[in-house]
Amino acid sequence: MESHSGEVQELPRPTPPPPPHNTGDNEPLTTEETKKHYHKGCPGCQLEEANQIRTGIPYLNFFYIWIIGLTSTLPIQSLFPYQYFMIRDMNIAKREEDIGFYAGFVGASYFSGRTFSSVPWGIFADKYGRKPCIVISILSVIVFNTLFGLSTRYWMVIVTRGLLGTFCGILGPIKAYATEVCRKEHQALGMSLVTSSRAIAFVVGPAIGGFLAQPAEKYPHIFSKESIFGRFPYFLPNFTISILAMGSCIACIWLPETLHFHNDGKVGGADEEEAQISEEVEAQNLLKNWQFMSSVIIYCVFSLHDVAYLESFSLWAVSKRKFKGLSLTTQDVGIVLAISGIGLLVYQFVVYPFIAKYFGPIRPLRPAAILSILLLTTYPFMDNLKGSELKVLISIASILKNIFSATITTACNILQNTAVTQKQRGAANGISVTLMSFFKAVAPAGAGILFSWTQKHVTGLFLPGDQILFLVISMVAVIGLILTFKPFFSMSNALSRS
């Protein structure tokens, strides 16, 4: 009997002799056998065949992936330093305390679009290819991010941001592409590049938003108030990102397609159709897998906490002292967020490997959650500080918060992966991304409403408004922490699987 690898295996009973051309265990595949695996005209087969010949790391393809991952994430991170002032300048808020209410829905519109489009984009990428999905996503950044920067009405901001989230369906496909474009031994490197590109966006995004927003006010000797950048004070940061996205779109020309198209254009042939049916069954089984679903819920709760914190922090940092804010500028917030991003990069590449080596990636989840909760209790008292002392301490606090969040997120991702088999991870990723996007859509809207309410109630309650704000955000993390214990979740089972 001939195995899938072309080797001849002996069976207990007599079998017909093997074909004359196969003479040994290490015999290479013949032309006929190769045709079974590589189909003429199939881009996926051509890439796999090329990867069999080229054993080195595909540096150029990995560079393209890194650039694409960076530019698709920048629109999210660049908004936070200036969104408070953008909403203020639109005069949609009747009172200054209402700015946070309207700002929350701007962030929510992006994630709402992603919630409803993540599964359709995954289906699109599986049917028509990863490359078309990536190209459309980058084009959406160019178009809708530019229109967002030119928005002068609140409804324009909501619509363009929502359309950007809807059409930028790159989150799942880029992960799949990073593992498919290379040999198996280089897949971990490909995935790490996707992660690192988003980590770099935590540095570059806030810097672009903080330094380039309102350029006519900050750099009057370069930008006049009559220029397009003076008339549209938030166009420059978005236009800069759109230019970077154009470069990414050009890079897509050289991206090879990784999806298999067999049988006259049908994706993957009969085997792929059977695999698709199998994936639907697997998805149904995943919903019954409590270890997986509980880990997804924990991940969603902490994602809600992280986005609510980031939304509230960016609004609180620039609000006036009379509302218990810090009265920072867009440039100040951009610097703080960029510094915290750099601190996160150092932690991920230098410190975290040692923590994972000695404690494992899952055990630090609970300590990180507890430390994050304790850290947030110190934020309301920072309005007593001023000048460089304030900026240094808020930067340190922001770095620590990012570190704790990254530790929790890494642990949650591993909890999900270890709760399912390798074949289930594609469907598991789709479920996780959809639920996570929903929670991330709720977070900025809820945080904006809460922030607006606390600014209207600075005094007169059992606690000052700013303390209530960070208390509520901390309680979300407390809920996430409680969910990591029995009977909701079995950490011992998770540790045994990892």
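A residue counts as buried when its relative accessible area is under 20%. R130, at 8%, is therefore buried in this predicted model. Its place is in helix α6, which spans residues 130-149.

R130 takes part in a salt bridge with E180, with an N to O distance of 2.8 Å. The two residues sit in distant parts of the chain, 50 residues apart. E180 belongs to helix α8, residues 171-180. At a relative accessible area of 27%, E180 is partly exposed. The bridge thus joins a buried arginine to a partly exposed glutamate.

Side chains of opposite charge can pair when their charged atoms come close. Seven salt bridges are found in the structure. One of them pairs K456 with D98, and their closest N and O atoms are 2.7 Å apart. This pair also links distant parts of the chain, with the two positions 358 residues apart in numbering. K456 is in helix α18, residues 425-456. D98 is in the loop between α4 (83-89) and α5. D98 is buried because its relative accessibility, 12%, is under 20%. K456 is partly exposed, with a relative accessible area of 38%.

A further salt bridge is formed by K391 and D332. Here the closest N and O atoms are 3.5 Å apart. K391 lies in helix α17 (residues 387-418) and D332 in helix α15. These distant parts of the chain are 59 residues apart. D332 is buried at 16% relative accessibility, whereas K391 is partly exposed at 38%.

The interior was then searched for cavities. Three cavities of 30 Å³ or more were found in the whole structure. The largest has a volume of about 80 Å³. Its lining includes I76, L79, F80, Q83, G107, Y110 and F111. R161, V307, E311 and P444 are also among the lining residues. Seven of the lining residues are nonpolar, two are polar and two are charged. Helix α5 (99-128) and helix α14 (290-318) each supply at least two residues. The largest share, three residues, comes from α5.

On the surface, a nonpolar patch covers about 440 Å². I136, W155, V159, L163 and F167 make up this patch. Helix α7, residues 154-167, gives the most to the patch, with four residues. L163 has its place in this helix. At 31% relative accessibility, L163 is partly exposed. Patch residues must have over 30% relative accessible area, so L163 passes that cut-off.

Three positions stand out in the backbone geometry. Most residues other than glycine have a negative phi, and most peptide bonds are trans. Q214 has a positive phi, near 50°. Q214 is in the loop between α9 (187-212) and α10 (215-218). With a relative accessible area of 8%, Q214 is buried. K324 also has a positive phi, near 65°. The loop between α14 and α15 (330-359) holds K324. K324 is partly exposed, at a relative accessible area of 30%. The peptide bond between K486 and P487 is cis, with omega about 10°. P487 lies in the loop between α19 (465-482) and α20 (491-497).

Methods
Residues are numbered from 1 along each chain as its sequence is written. This is a predicted model: local features need pLDDT of at least 70, side-chain atom pairs count only at pLDDT 80 or more; totals for chains, interfaces and linings use all residues. Side-chain values use heavy atoms; hydrogens and water are left out. Patches are made of residues with over 30% relative accessible area and no salt bridge: like charges are joined within 9 Å, nonpolar side chains (Val, Leu, Ile, Met, Phe, Trp, Tyr) within 5 Å. Accessible areas come from the Shrake-Rupley method with a 1.4 Å probe; for residues, only the protein chains shown count as cover. A salt bridge is a side-chain nitrogen of Lys or Arg within 4 Å of a carboxyl oxygen of Asp or Glu. Buried means under 20% relative accessible area, exposed over 50%, partly exposed in between (1.4 Å probe, protein chains only). On a 1 Å grid over the protein atoms alone, a cavity is a set of points where a 1.4 Å probe fits but cannot get out, and a pocket is an open set with protein on both sides within 12 Å along at least five of seven lines; lining residues have an atom within 4 Å of a point. Grid points are joined across faces, edges and corners, and a volume is the space filled by probe spheres set on the points. Ala, Val, Leu, Ile, Met, Phe, Trp, Tyr, Cys and Pro count as nonpolar, Asp, Glu, Lys and Arg as charged, and the others, Gly among them, as polar.
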